[in-house]
Amino acid sequence: MKRLSKSFSKANKYIVIAKNTLQEYFVYRTNFFFWRLRTFISFLVFYFLWLAIAHGKTHVGSYTQAQLYTYFVIGYIIRTLVFSTRTSDLGSAITQGSLSRLLLKPLGVFKFFFTRDSVDKIFNFFFLIFEFSLILFLFKPELITPLPQNVLYFLLSTLLAIISFFLYGFLIALISFWTDTPWSGHWLFGVVFVNLFSGQAIPLDLLPQPVYNVLINTPFPYFYYYPMQLFLGKIPEAQIWPLLAKSILLSSLVFVFIKSVWKKGLIRYQSYGN
Amino acid sequence: MVTKNTFKAWLIIAKNNFQRQLLTRSSSLLFIVGKLLQFAFSLLIIVSIFKTTGHIKDYTLDQALIFIIVFFLVESITQFLFRSIYSFRPVLLRGDFDLDLVKPLPSYFRPLISGPDFFDLPPLIIHALVLVYLLIKLNIHLTFPQVLLFLLLLANGVLLAFSVFLLIAAFSILTTEIDNLVWTYRSLSRAARLPVDIYPNFLQIILTGIVPVAIIINVPARVLLGLFQPSTLLFSFLITLFFVYTSVWLWRRSLKHYSSASS
């Protein structure tokens, strides 16, 4: 009984953190509105660019027009759910020294940021429903009808992408233990690498073969490209489970790596005046 | 608007900023690597698309490359000059903007030109060199008036970008929101990596008249490719004039509504 009440009190801490995070969004409502607007416009730019590219052509590479539109329109779900993250706050906390406040509290830093990240995704999800409906209503994109099992694989791979992107973001934030500013590492590895190599900008198999071969051996395609390939049914049945297993293995490896980097980082951590 | 003293103050601040950026060498390196990677990969994407499709509307790969390099060139110039817009929100929230308003400098100095970003200089030079190399490789022989016109429209684009950023700064005084607005503008500007006439009409209108990235980025590129019509010159200047006038007017109005944190 005592153990049970202890677990409840532990969980309660993170519920309070979740509530506080949610309240933060309501304090900066305009900011959040413009964040969503920015994400929406960023999507529209990509969508219309690919609309122009595919215009008048039956195929672009191995993609039919409908497959190409689906790749970007359904990809909007991934953009919102996978790439919305609060892990960059950890980088700022490290360089500004406010991490000390967190370390002194009876909280797990990892769980703290995981809670904040989850709230962020749930909040973004509500806006996604509205924005996605707006896209379908305004632009009536020609989309493919996926097979039910492909939708399941897509959902599973997106869930794995959410977890692995959180871990990846957390790992990048830890670079701040060794750099002077929190943004440089986050920008290069968390923004530039992810934008270019995950397949958000272009389906990776349209790139030259040598570049494609290099990229599919990195973690980035698991964030966007593979979930979309699964939705489009472009991955042979026999390769699906090994692919998902690789994604789990990747997350596990990053998790182990985070633990070791975190320990080394804490030894190096200094917070003047805190 | 820009006096000798303003330029002197800018030079001193630019020097200090450069020294500060040199202090954080590891970060500087990461930023510069990221910018060059973005440039190289964007070129690769365009080449890959054209290898697959052959053309986009009536544009060829060579033309698309010129458009995208000019896009990066203009982006580097505007980011180098107006980077301080990104750090204006904390200044507003802390109420520190008062301290800038009492200085004998233009009121737009702090939000727009007080933090030239030297991380953008190496990429800027590389973009310019790649542009020259490509023009030579493609046998595009520019006449002297063409070069002059290109530089004139580039300057016009920078002035127009200044007006857009001033509008954003004015809006930020009224709402304290700025970061996402700047990024929304940056997202829209990415549409001008390729000529905007490949997009549907409504988007062309938005990108030309409402958020005029087509004039900032596309028009100078058109001069290089000989796709420029003389009427565009007048139109570009008129749009710039309109934006400069509107942004200055709105900036002055917003300053009247400014109340610092301590007021």
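**A nonpolar pocket and aromatic pairs in a predicted model**

The lining of the second largest pocket comprises 19 nonpolar residues, one polar residue and no charged ones, where Ala, Val, Leu, Ile, Met, Phe, Trp, Tyr, Cys and Pro count as nonpolar, Asp, Glu, Lys and Arg as charged, and the others, Gly among them, as polar. A pocket is here an open set of points on a 1 Å grid over the protein atoms alone where a 1.4 Å probe fits, with protein on both sides within 12 Å along at least five of seven lines, and lining residues have an atom within 4 Å of a point. The model is predicted, so local features need pLDDT (the predictor's confidence in each residue, from 0 to 100) of at least 70 and side-chain atom pairs 80 or more, whereas totals for chains, interfaces and linings use all residues. Residues are numbered from 1 along each chain, chains are lettered from A and ligands numbered from 1 in the order written, and side-chain values use heavy atoms, without hydrogens and water.

Among helices (DSSP runs of H or I, at least four residues, numbered from the N terminus), H2(A) gives the largest share of this lining, five residues.

In chain B, the rings of B:Phe39 and B:Phe72 form an edge-to-face pair, 5.1 Å centre to centre with 75° between the planes; rings pair if their centres lie within 6.5 Å, and planes over 60 degrees apart count as edge-to-face. This pair links helix H2 to helix H3 of chain B, 33 residues apart. B:Phe39 is buried (under 20% relative accessible area) at 5%, and B:Phe72 is buried at 10%.

Methods: Helix = DSSP H or I, 4+ residues; strand = E, 2+ residues; numbered from the N terminus. Phe/Tyr/Trp six-rings, centres within 6.5 Å; stacked < 30°, edge-to-face > 60°. Buried < 20%, exposed > 50% of the residue type's maximum accessible area, 1.4 Å probe, protein only.
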